[in-house]
Amino acid sequence: MSSLGETTVGAPGERVLLHGLRLIDGTGRPPVPDAALLIEGEVIGWAGDAARLPADLGPVRRVDLAGRTLCPGFIDTHVHFALPGPAGNPLQGLYELPSYRTLKVLDRLRTTLENGVTTARDLMGLDAGFRQAVAERRIPGPRLLVSVTMLSQRAGHADFTLAGGIDGLAVAVTFPESPRSLVGSVDDMRARVRDLVAAGADCIKLATSGGVTSPHDRPEWLGLRPEMISAAVEEARAYGGLPVAAHAIGRPGIEAAVLAGVSSIEHGYALDEALRAEMVERGQFLVPTLLETTQDLDPARTSPSAYEKGVRWHRIAQESVALSAAAGVRIAMGTDSGLAVGHGRNLQELGLLVGVAGLSPMAAIVAATGDAARLCGVDDVTGTLEAGKAADLVVTDVDPLSDIASLGDPAHILAVVKEGRIAVDRGGVLGEGVLPALCP
């Protein structure tokens, strides 16, 4: 369950009928070749075959998309807006004021939205204030869900205390005052989850294995102990059923998270046949973050240990994910943007879900729309182009079912609409003044 009830500002727009379009609605149903979609203020009033348009539509403004494809706004379930990606080093934060780091986050939010992502789940780094500012349209950005921080034990994946005593995690995130990340016991875990609920978290992020970038552990090591993971899941369920996302790379960490009942395994590189079957039985999601595994590792930007871990585990990831998809594990798109992946390149993950994971193009789209919304708990709000859902739309000049990789090129994202308002209209396809601007 998400915290999306903040008041929005601005009057709803007039009724606009988009027609002459090819509709891919995010449900997995076949595309509708000659379709129409009615925008009524912030929501979709009607969508489907143009031949079935209601006769009593009433006054509408019509926009002909001239055969272009209309998709739902895409959802990235694993991003880090507080981190700079390959454009910078997270330790730059040592030399920057928090206000300056905040302004850089605003630019990343805008870029991500304009390149087709209308909802994003930030899994460490942003606090709930960013979510509120986006919801009130004070700043442009995807609809935000935030975990605020990531929880692990001392010497676990959330412990970036360097040899000189500097807390690398604190200087990398925008607000170091966030609830602390290190957990020492089951009772401490319950308290930390409650702290995060009080801080407005939409989900809980746990590190149940070691990581590639963390200085004190390895991906194949168990992170949080099973009893601590179970306590976190129990607390999250008690607070409205908050989703629990587990950073889990090696098998011990994946097994502990799966058996504890988390909502999603983030990365999941060492999944095996038994664990895949368990995830299918439980309906748990895998967020494979393939884009992260395709980036060229730069030894100059990381420690020798992190470089060695990255080379090894990225190879394992690409060999594993196709087996997970073939076994029927539910997949949701996530990119880990902010680490080695630059912000705004999120939709390149779609091509990898097809080329590496072996999904069909339609299944990849569903993983980034309808299924991603279900994982995040916002499927009543967005994820599919159906009446009553938010008018979150992407207009493209390519056929994603024959050339899905092209969606990763912003030149093919002609227009992005969020809640019935224009975030960007590169191709001028929507027409000036037809829909209101997202942030006037």
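These are my notebook entries on helix contacts, nonpolar cores and a few single residues in a predicted model.

**Entry 1: helices α5 and α6**

I began with helix α5, residues 226-238, and helix α6, residues 251-260, and found that their axes come within 9 Å and cross at roughly 35°. I noted the crossing in which α5 passes α6 as right-handed. I then looked up who makes the contact: α5 brings Pro226, Ile229, Ser230, Val233 and Arg237, while α6 brings Ala256, Ala257 and Ala260. Sorted by class, this contact of α5 with α6 holds 6 nonpolar residues, 1 polar and 1 charged.

**Entry 2: helices α6 and α7**

Next I followed α6 to helix α7, which covers residues 273-282, and here the axes come within 10 Å and cross at roughly 25°. Angles under 35 degrees count as roughly parallel, and α6 and α7 are therefore roughly parallel to each other. I recorded that α6 passes α7 in a left-handed crossing. On the α6 side I listed Arg251, Ile254, Glu255, Val258 and Leu259, and on the α7 side Ala274, Leu275, Glu278, Met279 and Arg282. By class, the contact of α6 with α7 has 6 nonpolar residues, no polar ones and 4 charged ones.

**Entry 3: the nonpolar cores**

I then asked myself which residues of the largest nonpolar core touch the most other members. Among its 84 residues, they are Phe74, Met189, Ile204, Leu206, Ile265, Leu350 and Leu353. Helix α5, which I had met in my first entry, gives the most to this core, with 6 residues. I also found a second, separate core of 23 residues, which includes Leu21, Ala35, Ile44 and Leu393.

I looked more carefully at phenylalanine 74, and, leaving aside residues up to four places away in sequence, I found that the residues it touches include Gly116, Val117, Leu347, Leu350, Ile365, Ala368, Val394 and Leu407.

**Entry 4: helix α10**

Since Leu350 and Leu353 had both appeared in my list for the largest core, I turned to helix α10, residues 348-355, where Glu349, Leu350, Gly351, Leu352 and Leu353 are buried. I checked what these buried residues of α10 pack against, and wrote down β6 (74-79), α8 (290-293), β14 (330-331) and α11 (361-367).

**Entry 5: arginine 62**

Is arginine 62 buried or exposed? I found it in strand β4, residues 61-64, with a relative accessible area of 56%, and since exposed means over 50%, arginine 62 counts as exposed. Not counting residues up to four places away in sequence, arginine 62 touches Leu17, His19 and Leu57. I also compared its position with that of glycine 45: the two are 17 residues apart in sequence and 14 Å apart in space, C-alpha to C-alpha.

**Entry 6: two residues with positive phi**

Lastly I looked at two loop residues. Methionine 124 has a positive phi of about 140° although it is not a glycine, and I located methionine 124 in the loop between β7 (117-122) and α2 (128-135). Buried means under 20% relative accessible area, so methionine 124, at 7%, counts as buried.

Threonine 289 likewise is not a glycine, and has a positive phi of about 45°. I placed threonine 289 in the loop between β13 (285-287) and α8, and I noted that threonine 289, at 0% relative accessibility, counts as buried.

Definitions and conventions: Residues numbered from 1 in each chain as written. Predicted model: local features only at pLDDT ≥ 70, side-chain atom pairs only at ≥ 80, totals over all residues. Heavy atoms only, no water. Axes fitted to C-alpha atoms, helices over the stretch in contact; angles between N-to-C directions. Helix = DSSP H or I, 4+ residues; strand = E, 2+ residues; numbered from the N terminus. Left-handed = near helix turned anticlockwise from the far one by under 90°. Contact = heavy atoms within 4.5 Å. Nonpolar A, V, L, I, M, F, W, Y, C, P; charged D, E, K, R; others polar. Core = buried A, V, L, I, M, F, W, Y, C linked by side-chain atoms within 4.5 Å. Buried < 20%, exposed > 50% of the residue type's maximum accessible area, 1.4 Å probe, protein only. Parallel < 35°, antiparallel > 145°, perpendicular 65-115°, else oblique.
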